[in-house]
Amino acid sequence: MSPSDFPARLLQTLGPDTVLTAADDIAPWLADWRGLYKGQAQAVVRPRSTEEVAACLALCQQAGVAVVPRGGNTGLCGGATPDASPANVVLSLDRMNAIRSIDTIANTMVAEAGCILGNLRRAAQEAGRLLPLSLAAEDSSQIGGNVATNAGGVNVVRYGMARELVLGLEAVLPTGEVFHGLRTLRKDNTGYDLKQLLIGSEGTLGVITAVALRLFPRTDVRSVVLAAVESPMQALRLFELLFQKCGARLQAFEFFSGDCVDLVLKHAEGVQEPFAQRYPAYVLVELADTADEAALNALLESVIGQALEEGLCLDAAVSASLAQLQALWKLREEISEAQRADGPHLKHDVSLPIERIPDFMASAEARVRALYPDIRPYIFGHFGDGNLHYNLSRPAGADRDWAAAHGAAITDAVLDEVNRYGGSISAEHGIGQLKRDHFLHSKNPLELRLMREIKAVLDPAGIMNPGKLL
Ligand SMILES: Cc1cc2nc3c(=O)[nH]c(=O)nc-3n(C[C@H](O)[C@H](O)[C@H](O)COP(=O)(O)OP(=O)(O)OC[C@H]3O[C@@H](n4cnc5c(N)ncnc54)[C@H](O)[C@@H]3O)c2cc1C
């Protein structure tokens with residue numbers, strides 16, 4: 001099939017309801033969530049079944065047409081945005097949104113890739129179970145996108161990343177062949193675990209069409225404390241104590257600087273100053289359990305009491321009601337939106353060996369301040385997982401395009417420090433197009449060669465999401 005025959009064959013095979021080609025119809029599918037990237041495409045395909053995905057990919061491979069899988073478009077690295085070639089096909093999973101099964105004995109859920117994560121969490125809740133994957137974009141992002149990016153979120157400290165929650169998956173390879181790996185077994189040591197290649201592959205190896213996920217008991221009993229700390233080192237020592245005393249009940253350990261609180265109070269509605277005075281930084285800790293609220297509260301109060309006595313935090317506010325718990329979480333959850341309202345900024349989603357976070361933070365700040373003394377760091381993140389969102393805003397009074405003009409040198413400095421401290425330049429958001437150059441420089445040659453060879457085996461024509469990751 002020649003490229004010129006392709007649009008007609010696609011329409012003929014899948015029908016005009018599934019294939020969009022008019023410029024106005026496809027326009028909303030061409031830019032990323034942040035508006036950083038914009039591309040082109042000849043068509044947007046919205047299949048309703050695995051068979052339709054397979055038919056689409058087989059045609060694309062025959063015609064040598066690039067395919068860009070698209071979930072909820074909340075990825076922050078431009079991974080779901082096509083490049084500048086007008087020949088691209090964007091393949092959206094949004095219509096594949098059925099929950100195929102929930103099993104409360106095996107504690108599994110099988111869901112199609114286009115299911116919105118928040119809907120899956122609510123469905124699990126209604127069935128008396130917990131799907132622990134949780135992130136601020138959960139009411140827009142899709143489970144297929146979550147798995148394709150190996151998403152993290154706020155409960156990783158207890159339940160792990162998306163990879164640890166996936167028991168099996170179904171995917172369509174670029175040849176149109178269906179990979180039937182939708183098993184729900186806990187134990188299956190039969191050779192290479194091929195599904196792991198697709199998890200975190202950012203649409204570069206195939207299209208995930210359904211996933212089998214682990215479910216857990218509902219943890220309806222929750223207790224939250226906001227602890228004020230003087231430094232990242234104090235936060236680290238507090239984490240050690242909480243991990244040791246609370247074990248698996250430790251559900252979240254989030255860090256944010258005092259400057260982040262300033263920003264949230266300025267831009268978000270319905271948030272309150274948490275203490276009578278401003279502290280250098282804060283840690284938000286959530287404990288959760290299946291039952292016995294009084295015991296959980298008593299545990300948290302006793303550990304925080306010990307932390308105050310031993311000088312592991314400066315002050316603490318424990319939630320006494322659901323409203324207070326939500327108000328404390330809001331301070332953390334609103335940081336991204338508040339920084340967005342503040343204007344364009346540089347995002348660095350990095351991870352470090354957790355014990356090296358304090359030294360990394362001091363060293364990275366010295367590096368960026370040597371370049372721009374008045375830069376405004378807003379550092380927050382999933383500290384308990386060693387994951388920081390090392391975000392930097394322009395100096396007060398600088399133009400809004402400051403970050404675009406000066407960002408490259410700053411990002412080089414930050415990611416160089418990450419590598420020096422043995423960290424990762426992408427903790428949970430992936431590589432996409434945003435971090436491709438740094439990724440290619442940060443991996444060793446053997447790792448890159450193996451990744452390229454795996455890509456060549458699964459996607460010999462190179463049609464899957466070109467320009468992303470590799
Ligand atoms: C406010 C906000 C907060 C966030 N917080 C977090 C957080 O705490 N933790 C975290 O990990 N992320 C976070 N993110 C990033 C984002 O939500 C995740 O990366 C999410 O997993 C992306 O899912 P999506 O469905 O939106 O994927 P998309 O953005 O549509 O796609 C992401 C990548 O996956 C590929 N892809 C999508 N669907 C499929 C599929 N079915 N098969 C194969 N490839 C596919 C795309 O081609 C692309 O490369 C946040 C984003 C925002 C906007």
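With 21% relative accessibility, asparagine 107 counts as partly exposed, because buried residues must fall under 20%. The model is a predicted one, and this residue is a handy place to enter it. Asparagine 107 sits in the loop between strand 5 (99-103) and strand 6 (108-112). Its backbone deserves a look as well: asparagine 107 has a positive phi of about 60° although it is not a glycine.

Asparagine 150 makes a good companion to that case. It too is not a glycine, yet it has a positive phi, here of about 50°. You will find asparagine 150 in the loop between helix 5 (143-148) and helix 6 (156-159). Asparagine 150 has a relative accessible area of 14%, so it is buried.

Another loop residue to visit is proline 82, located between strand 3 (67-70) and strand 4 (89-92). Proline 82 counts as buried because its relative accessibility is 2%. Setting aside neighbours within four places in sequence, its contacts include Trp29, Leu30, Val68, Val90 and Lys468. Proline 82 and proline 466 are 384 residues apart in sequence, while their C-alpha atoms are 8.4 Å apart in space.

Now let us turn to the interior. In soluble globular proteins, nonpolar side chains tend to be buried together. Here the largest nonpolar core has 54 residues, and Leu238, Leu242 and Phe360 have the most contacts inside it. Several elements each supply at least two residues of this core, among them strand 12 (221-229), strand 14 (281-289), helix 11 (293-309), helix 14 (357-371) and helix 15 (402-420). Helix 9 gives the most to this core, with seven residues. Taking leucine 238 as an example, and not counting residues up to four places away in sequence, it touches Ala227, Val229, Phe253, Val283, Ala307, Leu312 and Cys313. Apart from this core lies another, of 29 residues, including Ile143, Tyr159, Leu198 and Phe216.

Helix 13 (residues 335-342) shows how burial can be arranged around an axis. Its buried residues are Ile335, Ala338, Gln339 and Asp342. They cover an arc of only 95° around the axis, so they lie on the same side of helix 13. Their packing partners are strand 13 (250-257), helix 10 (258-267), helix 12 (322-333), strand 16 (345-346), strand 18 (376-381) and strand 19 (387-393). Just after helix 13 comes glycine 343, with a positive phi of about 125°.

Helix 10 can be read from its own side too. Gly258, Cys260, Val261, Leu263 and Val264 are buried in helix 10, and its buried residues pack against strand 13, strand 14, helix 12, helix 13 and strand 18.

Finally, consider the enclosed spaces: there are two cavities of 30 Å³ or more. The largest holds about 40 Å³ of space. Its lining is made by Arg34, Leu76, Cys77, Lys347, Asp349, His429, Leu434 and Lys435, which by class gives three nonpolar, one polar and four charged residues. The second largest cavity has about 30 Å³ of space and is lined by Pro132, Leu133, Gly152, Asn155, Val156, Tyr159, Gly160 and Leu165. That lining divides into five nonpolar, three polar and no charged residues. Tyr159 links two parts of this tour, as a residue of the 29-residue core and of the lining of the second largest cavity.

Notes:
Residues are numbered from 1 along each chain as its sequence is written. This is a predicted model: local features need pLDDT of at least 70, side-chain atom pairs count only at pLDDT 80 or more; totals for chains, interfaces and linings use all residues. Side-chain values use heavy atoms; hydrogens and water are left out. Buried means under 20% relative accessible area, exposed over 50%, partly exposed in between (1.4 Å probe, protein chains only). Helices (H or I, at least four residues) and strands (E, at least two) are DSSP runs, numbered from the N terminus. The arc is that of the directions from the helix axis to the C-beta atoms. Contact means heavy atoms within 4.5 Å. A nonpolar core is a set of buried Ala, Val, Leu, Ile, Met, Phe, Trp, Tyr and Cys residues joined through side-chain atoms within 4.5 Å. On a 1 Å grid over the protein atoms alone, a cavity is a set of points where a 1.4 Å probe fits but cannot get out, and a pocket is an open set with protein on both sides within 12 Å along at least five of seven lines; lining residues have an atom within 4 Å of a point. Grid points are joined across faces, edges and corners, and a volume is the space filled by probe spheres set on the points. Ala, Val, Leu, Ile, Met, Phe, Trp, Tyr, Cys and Pro count as nonpolar, Asp, Glu, Lys and Arg as charged, and the others, Gly among them, as polar.
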